[in-house]
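Work through the exercises below with the sequence and the structure open. Each task is followed by a solution in steps.

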Amino acid sequence: MGDRRWGGADRWRSAGSALGRVVVVWAVSTLTLLILAGLLPDFELQSAGGDTFTRTALTAAAAAGAFGLLGALVWPVIVRALLLVPALVLGLLVFFLNGSLLLVALWLIPDGRGTANPETAVVVAAVMSAVASTGLAVRDDDAYRRRLYRLTGRTRPRASEGTPEQVPGTVFLQLDGVGHHVLRGAVADGLMPTVASWIDAGHLLTPWRTDWSSQTGASQLGILHGSNEDVPAFRWYEKDTGRLMVSNRPAGAVELQRRAVRRTGDGGLLTVDGASRGNLFSGGADQLALVLSMAARRGPRNRSRAGYFAYFSDPANAVRTAGSLVAECGREMFQSTRARLRRETPRVSRGGTYPFVRAFATVVERDVVVSAVMGDMLAGRTAVYADLVAYDEVAHHSGPHGRDTDQVLRRLDRAIALIATVAEHTPRPYRIVLLSDHGQSSGETFEGAYGLTLKDLVRAGCGLPVPRRVRRTRSGSEARDAARAALRLALHRPVDETGESAKELPARPSEPVVLASGNLGLVSFPDVPHRMTREEIDRRHPALLRTLAHHPGVGFVLVASAEHGSVVLARDGVEVPVADLDDGGGPLAVFGRGAARAVRRTDGFAHVADIMVNSMYDPATGTVHAFEEQIGSHGGLGGEQSHPFLLSPPELSPPVGAGEELVGAEQVHRVLRRWLRECSGPQVPLENTPSTNEPESVIPVDGPVVRDTSH
């Protein structure tokens, strides 16, 4: 009886507190309208003949109330209707939609006392939303928690009487592209005080080593689904299907996830009460937001874009994020202009749509994902995996070290701190694990260093036409001369013992498909259905392999061989069978520990390219040459790109034993599975059993091969 009496009192107290907050927000909004009406000439809250202050105040109160009701009732409907609009467009529309709601609110005022020009309405609505979303009762923990529930669109979970203490949940935050070395430097330089405090408190910082393909597609697929088998690069050509596979395209992501699930017989790391936020793959989670592999689905099963609705349904969120997006575009334009005026090198073009792409990654994606993670924690979900891509995007164009990326690291630390603060108000305790999928290596682009692209070099080595600018470079000239000489020699090849020339050159060979994934290049010949051997390539293009292997910008070349199985070619005529590779010497020694193992594994993939080309690596400077327009790159071997990190709380067991190394994304997956079992029992199947879920439809990649620069 007493419990019910106290429970009723709590409800009345809660209702009274909520009513008080509404009154305060209404009063602040009314005051804001009065101030703006006095400052802006095109915004009126009076009749043409003038009104008393009391009458004007009542008009402002009516307008503020109408605007608040429209924001609460109409805004969510508008946002849901715009879910199919791209996020960047939606962010820019926010201001105009909010201004339109204010015009409607002014129209509802009797006697036509409220008027504003459309441009002024946009400004007034933005200021009102910003003021309403500022720290009202920020110091009150209960009010702060209630605000977080509202921001994330969640309802408070009800705890039944007698419920035992909740077992911990786990949040995995992936800081995309932040290598082990970068994180240690950011902590030492005071850029990430939250992370520094965790390390001081006993969190364990563990480096791990990626596979040859050091990029998000391979790493995250392995981490979330336990297998990244047959993912040779970020993008590659598949001869058996004639498809160009690109990891960050919906059709490519859904196919890679389908293959991984079929290979492992398991839905993924997040199959039990999990949430996947901002990732390429779902991990088997039911709760999704900004998950690329789900974006390829049609119809009601595509829930990934619902993350936009959960965030942008609050107009204050929408206005704040849109304002930050505009500010980030301005910041990028200023930073790129500064780099150009100072003649900083290396440097790549940062014009066109890039400022908007960067703003989406550093603002919109961050805000939506962080909000979704907060909602998952407040809803008490068991496992959450989220990817924050801001650093990776900026480092590609600004370089992995410098003022631009330092600012991003500071903002990432603030996002981590916010999530940690939310964990203090969640219905269950949470263990937050930070990790990255790869690092980034710096260096001038291949084209910037040598005046031609990898595609130009391949075409020149094949004797195919190349642009005049390529013919003028030393590399292009030498490659063309070698190709001509080799072709003349091939045309006069002597007859063998059978009376036929050894494997006549095809009359019309197809042009090679040349793709770049950071400092890893892939060359495929589409008209040959199988993986070509060195001997076949030499007969068709006698100068090509020698041109590639001897180029100063190339570290080594991997190609199949009918005689040796597969071989690695390098400068000065070095040839080593893959079976004989080791890290202690030979052409891979400079790339460090584990390089030989990584190359051998990739060599066994079904869709490995005819020719795999890894750029040079200078261990003294840590630089590589990306085959695409990036001065901070990843995708191959060499430098910091292959060394991400894992930061785990002391309550979890060490990732590996003393003296052992954590190698490959698949091993990281096994570590995360173990941690989930340690937290609250088996959260993922302990045995690989065939999935009974409906198979995901695969959307074919049609059309010609196109250049893609984002990853």
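**Exercise 1.** Find the helix that holds Ile 35, and state how far Ile 35 is covered.

Solution. Step 1: Ile 35 sits in helix α1, which spans residues 2-39. Helices (H or I, at least four residues) and strands (E, at least two) are DSSP runs, numbered from the N terminus. Step 2: the model is predicted, so local features need pLDDT of at least 70 and side-chain atom pairs count only at pLDDT 80 or more, while totals for chains, interfaces and linings use all residues. Residues are numbered from 1 along each chain as its sequence is written, and side-chain values use heavy atoms, with hydrogens and water left out. Step 3: the relative accessible area of Ile 35 is 46%, so this residue is partly exposed. The classes are buried (under 20% relative accessible area), exposed (over 50%) and partly exposed in between, with a 1.4 Å probe and protein chains only. Step 4: Leu 31, Ile 35 and Leu 39 make a nonpolar surface patch of about 320 Å². Patches consist of residues with over 30% relative accessible area and no salt bridge; like charges are joined within 9 Å and nonpolar side chains (Val, Leu, Ile, Met, Phe, Trp, Tyr) within 5 Å. A salt bridge is a side-chain nitrogen of Lys or Arg within 4 Å of a carboxyl oxygen of Asp or Glu. Areas come from the Shrake-Rupley method with a 1.4 Å probe; for residues, only the protein chains shown count as cover.

**Exercise 2.** Give the strand order of the open sheet of eight strands, and name its edge strands.

Solution. Step 1: the order is β8-β7-β9-β3-β10-β21-β4-β22, and the pairing is mixed. Two strands pair if DSSP finds at least two bridges between them. Step 2: β8 (287-289) and β22 (662-663) are the edge strands, each pairing on one side only.

**Exercise 3.** Describe the neighbours of β7 and the directions in which its residues point.

Solution. Step 1: β7 (residues 274-277) is parallel to β9 (residues 383-388), with four bridges between them. Ala 275 is opposite Val 384, and Ser 276 is opposite Tyr 385. Step 2: β7 also pairs with β8 in the parallel sense, over three bridges; here Ser 276 stands opposite Leu 288. Step 3: Gly 274 and Ser 276 point one way, Ala 275 and Arg 277 the other way, and all are buried.

**Exercise 4.** Which partners does β14 have, and how many of its residues are buried?

Solution. Step 1: in β14 (residues 554-561), eight of the eight residues are buried, so the strand is largely enclosed by the rest of the structure. Step 2: β14 runs antiparallel to β17 (residues 611-615), joined by five bridges, and Val 554 has Ser 615 as its bridge partner there. Step 3: β14 and β15 (residues 565-570) are also antiparallel, over five bridges. Leu 558 has Val 568 as its bridge partner in β15, and a hairpin of three residues joins β14 to β15.

**Exercise 5.** How many residues of α18 are buried, and what is the phi of Gly 463?

Solution. Step 1: seven of the eight residues of α18 (residues 454-461) are buried, among them Asp 456 and Arg 459. Step 2: Gly 463 follows α18 and has a positive phi, near 75°.
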